[in-house]
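Look at the chain shown below before reading on. The report then goes through its parts under short headings.

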Amino acid sequence: MSTAKFLSAVACEDVRTEASGSVTLVGVFTGPIGFESGKDATRPPRLPIAFYVEVEMRDATTFEFEFKRRGASRALSQYGVEVERMEDDEVLGPLSSKMNRIALPIPKRQYAFRRPGDYVLRGRLRGGRWKELLSFYAVIDGETD
């Protein structure tokens with residue numbers, strides 16, 4: 001059985017990996033997100049969202065994620081990430097025998113927000129129990145759930 005632990009998660013407009021290997025989170029969402037329907041009120045407001053998740057792991061693992069409105073039966077998106085076993089490194093030492101912190105950026109995607117409410121990102125190890133990693137409230141045209 002794989003050993004892994006979710007540490008943190010952030011929702012933002014984009015996750016960029018710089019030439020130096022550092023990561024830049026652009027447009028981090030905090031608190032409720034407000035939408036205006038705009039000129040075409042027949043179409044739901046859309047927003048590009050990327051997720052950045054940090055985990056600790058030792059063994060090869062498949063992580064599964066879903067983004068959905070709380071209480072909805074279907075997810076807006078589902079995403080899987082396979083991570084190979086950490087190999088020992090000449091400089092860093094024995095990585096395969098200890099927990100290692102890694103980042104799992106989930107690519108940006110356009111989401112349509114059809115109803116106001118609480119939206120959640122959940123994660124799990126393949127076949128395991130879902131864990132809520134983050135949530136935010138969507139307000140559409142000033143209306144709440």
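## Strands and pairing

Two strands count as paired if DSSP finds at least two bridges between them. With that rule, Glu56 can be placed: this residue stands opposite Arg101 in strand 7.

The model described here is predicted. The chain has 9 strands and 0 helices. Along the sequence the pattern is therefore written with strands alone, β-β-β-β-β-β-β-β-β, a strand being a DSSP run of E with at least two residues. Of the 145 residues in the chain, 38% are buried.

## The sheet of four strands

One open sheet has 4 strands in the order 2-1-4-7, and its pairing is antiparallel. Strand 2 (23-28) and strand 7 (100-112) stand at the edges with a single partner strand each, so one side of each has no neighbour in the sheet. From one strand to the next, the twist averages 40°.

The pairs of this sheet can be taken in order. Strand 1 and strand 2 run antiparallel and are joined by 5 bridges. In this pair, Arg16 has Thr24 in strand 2 as its bridge partner. The two strands form a hairpin with 5 residues between them, where Gly21 takes a positive phi near 95°. Strand 1 also pairs with strand 4, in the antiparallel sense, over 8 bridges. Here Ala9 stands opposite Val53 in strand 4. Strand 4 (residues 46-57) and strand 7 also run antiparallel, and 11 bridges join them.

## The sheet of five strands

A further open sheet is formed by 5 strands in the order 3-9-8-5-6, with mixed pairing. Strand 3 and strand 6 are the edge strands, and each pairs on one side only. The twist in this sheet averages 20° from one strand to the next.

Which strands run parallel, joined by 3 bridges? They are strand 3 and strand 9. Within this pair, Ile33 has Ala138 in strand 9 as its bridge partner. Strand 8 and strand 9 run antiparallel, with 7 bridges joining them. Val120 is matched there with Ser135, its bridge partner in strand 9. Strand 5 and strand 8 run antiparallel as well, and 7 bridges join them. The bridge partner of Phe65 is Gly123 in strand 8.

## The turn between strands 8 and 9

Strand 8 and strand 9 form a hairpin with 5 residues between the strands. Gly127, in the turn, has a positive phi of about 80°.

Trp130 lies in the loop between these two strands, strand 8 and strand 9. Is Trp130 buried, partly exposed or exposed? Its relative accessible area is 27%. Buried would require a value under 20% and exposed a value over 50%, so Trp130 is partly exposed. Trp130 and Glu66 are 64 residues apart along the chain, while their C-alpha atoms are separated by 9.2 Å.

## The nonpolar core

The largest nonpolar core has 29 residues, and Ile49, Val53, Phe65 and Phe113 touch the most other members. Elements that give two or more residues to this core are strand 1 (4-17), strand 3 (33-35), strand 4, strand 5 (61-69), strand 6 (77-83), strand 7, strand 8 (117-125) and strand 9 (131-140). Which strand gives the most to this core? Strand 4 does, with 6 residues.

Two of the core residues named above also appear among the strand pairs. Val53 is the residue in strand 4 that stands opposite Ala9. Phe65 is the bridge partner of Gly123 in strand 8.

## The largest pocket

Rolling a probe the size of a water molecule over the atoms shows where empty space is left. In this model, the largest pocket holds about 190 Å³ of space.

Which residues line the largest pocket? The lining is made of Arg69, Ala72, Arg74, Ala75, Leu76, Ala112, Arg114, Arg115 and Tyr119. Sorted by class, the lining has 5 nonpolar and 4 charged residues, and no polar ones.

Definitions and conventions
Residues numbered from 1 in each chain as written. Predicted model: local features only at pLDDT ≥ 70, side-chain atom pairs only at ≥ 80, totals over all residues. Heavy atoms only, no water. Axes fitted to C-alpha atoms, helices over the stretch in contact; angles between N-to-C directions. 1 Å grid on protein atoms, 1.4 Å probe; cavity = no way out; pocket = protein on both sides within 12 Å on 5 of 7 lines; lining within 4 Å. Points joined across faces, edges and corners; volume = space filled by probe spheres on them. Nonpolar A, V, L, I, M, F, W, Y, C, P; charged D, E, K, R; others polar. Core = buried A, V, L, I, M, F, W, Y, C linked by side-chain atoms within 4.5 Å. Buried < 20%, exposed > 50% of the residue type's maximum accessible area, 1.4 Å probe, protein only.
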